[in-house]
Amino acid sequence: MEKETVDSTPLLSPTKEKTPSSSSSSSFLVSATKWVIKYLICIIFIGWAGFIFLMPEESVNELMSKWINLTTGNPLGTAGSIFMLFSAPILIIAFLAIAYLLVSGEDHIPEKKSTKYPSFRLWTFPVIIKGPFGVVSATELIGIVLFSAYVIFAIYNYTMRALASPSHHHLDRRIFMLEILGLRFGGIGLMCMAFLFLPVSRGSVLLRYIDIPFEHATRYHVWLGHLTMALFTIHGLLYCVAWAMDGRLVEELIQWKDIGVANLPGVIALIAGLFMWVTSLPGVRTWNFELFFYTHQLYIIFVVFLALHVGDFVFTMAAGGIFLFILDRFLRFCQSRRTVKVVSSRCLPCGTVELVLSKPPNLRYNALSFIFLQIRELSWLQWHPFSVSSSPLDGKNHLAVLIKVLGKWTQNLRDRITDADEPKDLSVKTITASVEGPYGHEVPYHLMYENLILVAGGIGLSPFLAILSDVLHRVREGKPCRPRNILVVWAVKKSNELPLLSSIDMESICPSFSDKVNINVDIYVTRESDPPLEEGHVYKPIKSSMCPMSSDFGMSVLVGTGDNFWSGLYVISSTVGFVILLVLLYIFYINPYGVYKWWYKGLLFVICMVASVVIFGGFVVALWHFCEQRSSVKEKSNDSVKGDHKIEQNGFMAHKSSIQDSSVAKSIVTRYGSRPNFKEIFEGMSENWGHVDVGVLVCGPPTLQESVANEIRAHSMIRQRHYPIFHFHSHSFDL
């Protein structure tokens with residue numbers, strides 16, 4: 001117990017025995033430090049975003065010119081001045097976010113609200129239900145409005161300035177307008193691109209700081225991607241029309257200037273971007289996911305040729321977000337090199353596979369986490385995201401995922417596991433996996449609420465099994481746990497999916513849990529009007545195969561969401577190394593030798609970005625890996641003495657009993673031939689729970705999310721004062 005207390009202690013908390021006064025003083029110091037960091041981040045971000053928003057104003061452009069003239073004496077020249085304006089702020093925010101996470105400590109439990117009355121939250125209140133954006137919260141709507149306002153304001157401002165500018169005598173007025181607007185659309189697209197790569201940095205310290213998990217952030221990347229590519233496409237079309245009108249289209253398309261913008265690299269970058277854009281459209285992505293996945297690797301071509309197109313000092317406007325993405329991508333590459341042996345696997349009759357993967361004890365995750373999984377025996381290229389179905393309290397040496405058979409890859413996985421049960425070929429029992437992650441919420445927000453409604457569709461039950469297990473373990477062990485009333489609403493197509501619920505035996509985890517937490521499960525079997533003739537005996541036995549647990553094949557801890565110290569040191573060392581390489585490059589090569597070619601300096605800038613991550617960041621990763629190996633050996637030695645592996649494995653499998661044999665079945669109601677009526681459900685909970693905050697977590701198809709969000713919005717509009725406030729949380733992953 002003492003070790004756990006020390007591990008979860010924030011950085012500024014003393015580890016010695018605490019008196020009440022010293023504990024209070026330490027808590028105040030931690031809180032004060034966190035508030036200072038928060039305010040600094042807010043000030044820097046507002047200043048940075050505000051500058052970008054107002055940049056179309058001529059007065060702001062004049063201030064920017066004065067700044068460049070004032071700071072042009074730095075070793076990087078104009079590129080350094082622009083880098084300090086556009087990229088340095090986001091990197092400084094990343095440094096401050098690292099400090100915040102270190103001060104906060106590893107174990108994040110949501111703080112209890114100071115008020116006893118429930119209140120609306122912009123982040124959890126759905127405003128737009130249907131449309132191209134899906135379910136949109138009030139906070140997300142504010143972000144959409146701000147980005148739209150910026151684009152409209154910038155286009156209007158630049159257009160008015162272009163109309164007011166006198167054209168040169170040798171240029172046709174129309175051609176001049178097209179070219180100047182094409183230039184401005186490209187600049188607006190570049191500003192949007194400054195944000196584009198931030199949401200797809202899976203283990204980004206920025207996403208961890210604001211507690212937006214990657215599965216949510218992908219939506220923002222999709223929105224920004226559509227906006228950015230639309231702007232870049234208009235940028236290219238306006239120039240093409242202008243050149244065609246002037247009779248020099250082909251000449252301009254293949255032109256590659258040394259001083260100024262090189263057109264041909266821009267054409268190549270735009271073509272790569274268009275391929276990514278078209279194949280990412282919902283219809284194409286659904287039709288052929290592999291096509292979307294492989295064409296999206298063209299982002300490398302897109303970024304490199306964009307740098308060749310605009311040169312170093314223009315590229316620095318978007319370099320900050322791209323650099324943070326490179327940091328994340330390299331760390332993911334290092335983590336995915338480790339092969340992970342599957343501890344156990346089993347097949348359920350509904351076409352679902354459960355895999356239990358070994359992991360080191362110091363690799364933390366929570367019940368809302370997910371991983372990216374690759375099975376080497378099936379494909380070396382395909383990676384698929386899955387929510388974890390186990391709680392970190394189920395055992396420190398493993399995590400579990402549930403995988404529903406929906407396509408060729410998952411079908412081959414199920415076939416392989418089924419074949420493993422055949423005694424004729426024991427070698428296929430070993431399934432070699434590679435894992436990236438775990439990723440997800442920094443704070444387990446299911447612990448924020450005393451009242452929870454978990455709405456699942458089909459395999460969407462998987463993360464809620466982890467939540468139930470997490471709550472029950474916390475109740476049994478006396479850990480901080482706020483939920484006391486939990487309603488699970490689960491909609492399935494056929495009754496053969498019901499064994500999914502047998503993945504957790506609640507009574508085994510926490511005997512007599514009903515005395516401490518009220519859990520009810522409402523199951524809706526939508527495509528069967530009657531229960532099976534012999535309910536309780538119709539399901540096939542669960543097929544399973546076991547592999548010996550080995551910490552030598554555990555997941556790697558080299559992940560951005562892992563150890564705060566090492567991940568922070570990795571980011572800081574890479575960033576400092578990047579600046580050092582740039583300064584050395586300019587002092588000893590570019591300036592002395594008079595390198596003037598824009599495209600060449602843009603290429604060197606990208607090379608410095610990658611080299612700093614590989615050299616400086618790679619050195620930290622090597623140290624991190626070495627410390628992990630030593631820690632694993634020590635942990636393995638301790639476990640061999642205590643026999644923890646065996647106990648944990650047996651304990652984990654003991655929780656996998658049939659739901660029909662558990663006394664918890666009394667709290668389960670199964671309805672056939674009907675769908676959940678969320679209006680009735682929310683009204684019933686309003687009468688039972690009263691004036692409280694209720695967290696509604698939804699994991700399922702878009703139609704299910706829309707139905708729940710629509711009912712929450714309708715309830716919020718007409719709710720009575722003594723009724724609960726429902727807070728919408730989506731836990732669905734859609735690339």
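Accessible areas, as I shall use the term, come from the Shrake-Rupley method with a 1.4 Å probe. On that basis, the accessible surface of this protein comes to about 33300 Å², and 63% of that surface belongs to carbon and sulfur atoms. Please bear in mind that we are looking at a predicted model.

Let me begin with the overall picture. The protein contains 24 helices and 15 strands. Of its 735 residues, 54% are buried. If we take the contacts between residues at least 6 apart in sequence, 79% of them join residues at least 24 apart.

I turn now to strand 10, residues 485–492. How many of its eight residues are buried? Seven are, and the strand is accordingly described as mostly covered. Strand 10 has two pairings that I wish to show. With strand 9, residues 451–457, it pairs in the parallel sense over seven bridges; within this pairing, Leu-454 has Val-488 of strand 10 as its bridge partner. With strand 11, residues 518–525, strand 10 also pairs in the parallel sense, over eight bridges. Here Val-492 stands opposite Val-525 in strand 11.

What connects with strands 9 and 10 to make a β-α-β unit? The helical element is helix 18, residues 462–477, and the unit is right-handed.

Following the chain beyond strand 10, we enter the loop that leads to helix 19, residues 506–509, and in this loop we find Ser-495. Is Ser-495 buried or exposed? Its relative accessible area is 5%, and because buried means under 20%, Ser-495 counts as buried. The side chain of Ser-495 makes a polar contact with the side chain of Glu-528, at 2.9 Å. Arg-527 lies 32 residues from Ser-495 along the chain, yet their C-alpha atoms are separated by 8.7 Å.

My last element is strand 8, residues 432–439. Seven of the eight residues in strand 8 are buried, so this strand is largely enclosed by the rest of the structure. Which way does strand 3, residues 339–348, run relative to strand 8, parallel or antiparallel? The two run antiparallel and are joined by three bridges. Lys-341 stands opposite Thr-432 in strand 8. Strand 5, residues 370–375, likewise pairs with strand 8 in the antiparallel sense, over five bridges. In that pairing, Gln-374 stands opposite Ser-434 of strand 8.

To close, I would set the two strands side by side: strand 10 pairs in the parallel sense with strand 9 and with strand 11, whereas strand 8 is antiparallel to strand 3 and to strand 5.

Key: Residues are numbered from 1 along each chain as its sequence is written. This is a predicted model: local features need pLDDT of at least 70, side-chain atom pairs count only at pLDDT 80 or more; totals for chains, interfaces and linings use all residues. Side-chain values use heavy atoms; hydrogens and water are left out. Helices (H or I, at least four residues) and strands (E, at least two) are DSSP runs, numbered from the N terminus. Buried means under 20% relative accessible area, exposed over 50%, partly exposed in between (1.4 Å probe, protein chains only). A polar contact is a pair of N or O atoms within 3.5 Å; within protein, one must be able to donate a hydrogen and the other to accept it, and residues adjacent in sequence count only if both atoms are side-chain atoms. Two strands pair if DSSP finds at least two bridges between them. A crossover is right-handed if, with the strands pointing away from the viewer, the path from the first strand over the helix to the second runs clockwise. Contact means heavy atoms within 4.5 Å.
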